[in-house]
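User: I'd like to practise reading a helical model with you. Can we take it feature by feature, general idea first and then the case at hand?

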Amino acid sequence: MRLYIIVPFASFYSYKNAKGPLHRLVPLIIGVITVVVSLSMFLYTWANLAFYNDMTLGILLSDKEILPLFLSDLVFLLIGNLVGILFSAKIIYNKTTASKLKDLEENQ
């Protein structure tokens, strides 16, 4: 369950390897894709666990032992996504805006 941190990095490197243009909108696109895919897979996994135990997700989460596990996984997922998105945004900024500013300074 803790592999969700890979999603933003995989999104960024897939986009980069596909030779996608690097501009300021890319971190937003990567962020949206990351959040949608990782939250969908997270909820799908927990819903399958509930289905496997012949109950609904709501009933499963009402268990006092299960809810903390769900919440800790959700927090880790969100932190992992945030770290991945910020990392991707920093790399894109360095390759676009920072390099353009450096070129402008060198040409003056």
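**Reading the helices**

Analyst: Sure. The protein chain has 5 helices and 0 strands, and from the N terminus on its elements run α-α-α-α-α. Keep in mind that this is a predicted model.

User: What share of the 108 residues in the protein chain is buried?

Analyst: Buried residues make up 26% of them. As for contacts with a separation of 6 or more, 72% are between residues 24 or more positions apart.

User: Let's take one helix. What span should the 30 residues of helix H4 have, and what is the distance between the end C-alpha atoms?

Analyst: At 1.5 Å a residue, H4 (residues 66–95) should span 44 Å, and its end C-alpha atoms are 44 Å apart, so the two values agree.

User: And how do I read which side of a helix faces inward?

Analyst: Start with the general idea: an α-helix has 3.6 residues a turn, so residues three or four places apart point the same way. Now look at H4, whose buried residues are Ile-66, Phe-70, Asp-73, Leu-77, Gly-80, Asn-81, Gly-84, Ser-88, Ile-91 and Ile-92.

User: How do I describe two helices that pack together?

Analyst: Two packed helices are described by the angle between their axes and the distance between the axes. Here, the axes of H2 and H4 come within 10 Å and cross at roughly 160 degrees. An angle over 145 degrees counts as roughly antiparallel, which means H2 is roughly antiparallel to H4. The crossing of H2 and H4 is right-handed.

User: Which residues of H2 and H4 meet?

Analyst: On the H2 side they include Ile-30, Thr-34, Phe-42 and Trp-46, and on the H4 side Phe-70, Asp-73, Leu-77 and Asn-81 are among them. The residues of this contact divide into 16 nonpolar, 5 polar and 1 charged. Phe-70, Asp-73, Leu-77 and Asn-81 are also among the buried residues of H4.

User: Now the loop between H2 and H3. Is Asp-54 buried or exposed?

Analyst: Asp-54, which sits in the loop between helix H2 (26–52) and helix H3 (57–61), has 73% relative accessibility, so Asp-54 counts as exposed. Check its backbone too: phi of Asp-54 is near 55 degrees, a positive value in a residue other than glycine.

User: What about Thr-56?

Analyst: Thr-56 lies in the loop between H2 and H3 as well. With a relative accessible area of 46%, Thr-56 is partly exposed. Thr-56 and Trp-46 are 10 residues apart along the chain, and their C-alpha atoms are separated by 9.8 Å. Trp-46 is one of the H2 residues in the contact with H4.

Methods
Residues are numbered from 1 along each chain as its sequence is written. This is a predicted model: local features need pLDDT of at least 70, side-chain atom pairs count only at pLDDT 80 or more; totals for chains, interfaces and linings use all residues. Side-chain values use heavy atoms; hydrogens and water are left out. Helices (H or I, at least four residues) and strands (E, at least two) are DSSP runs, numbered from the N terminus. Buried means under 20% relative accessible area, exposed over 50%, partly exposed in between (1.4 Å probe, protein chains only). The expected span of a helix is 1.5 Å times one less than its number of residues. Axes are lines fitted to C-alpha atoms, for helices over the stretch in contact, and angles run from 0 to 180 degrees between N-to-C directions. Angles under 35 degrees count as roughly parallel, over 145 as roughly antiparallel, 65 to 115 as roughly perpendicular and the rest as oblique. A crossing is left-handed if the near helix is turned anticlockwise from the far one by less than a right angle, and right-handed if clockwise. Contact means heavy atoms within 4.5 Å. Ala, Val, Leu, Ile, Met, Phe, Trp, Tyr, Cys and Pro count as nonpolar, Asp, Glu, Lys and Arg as charged, and the others, Gly among them, as polar.
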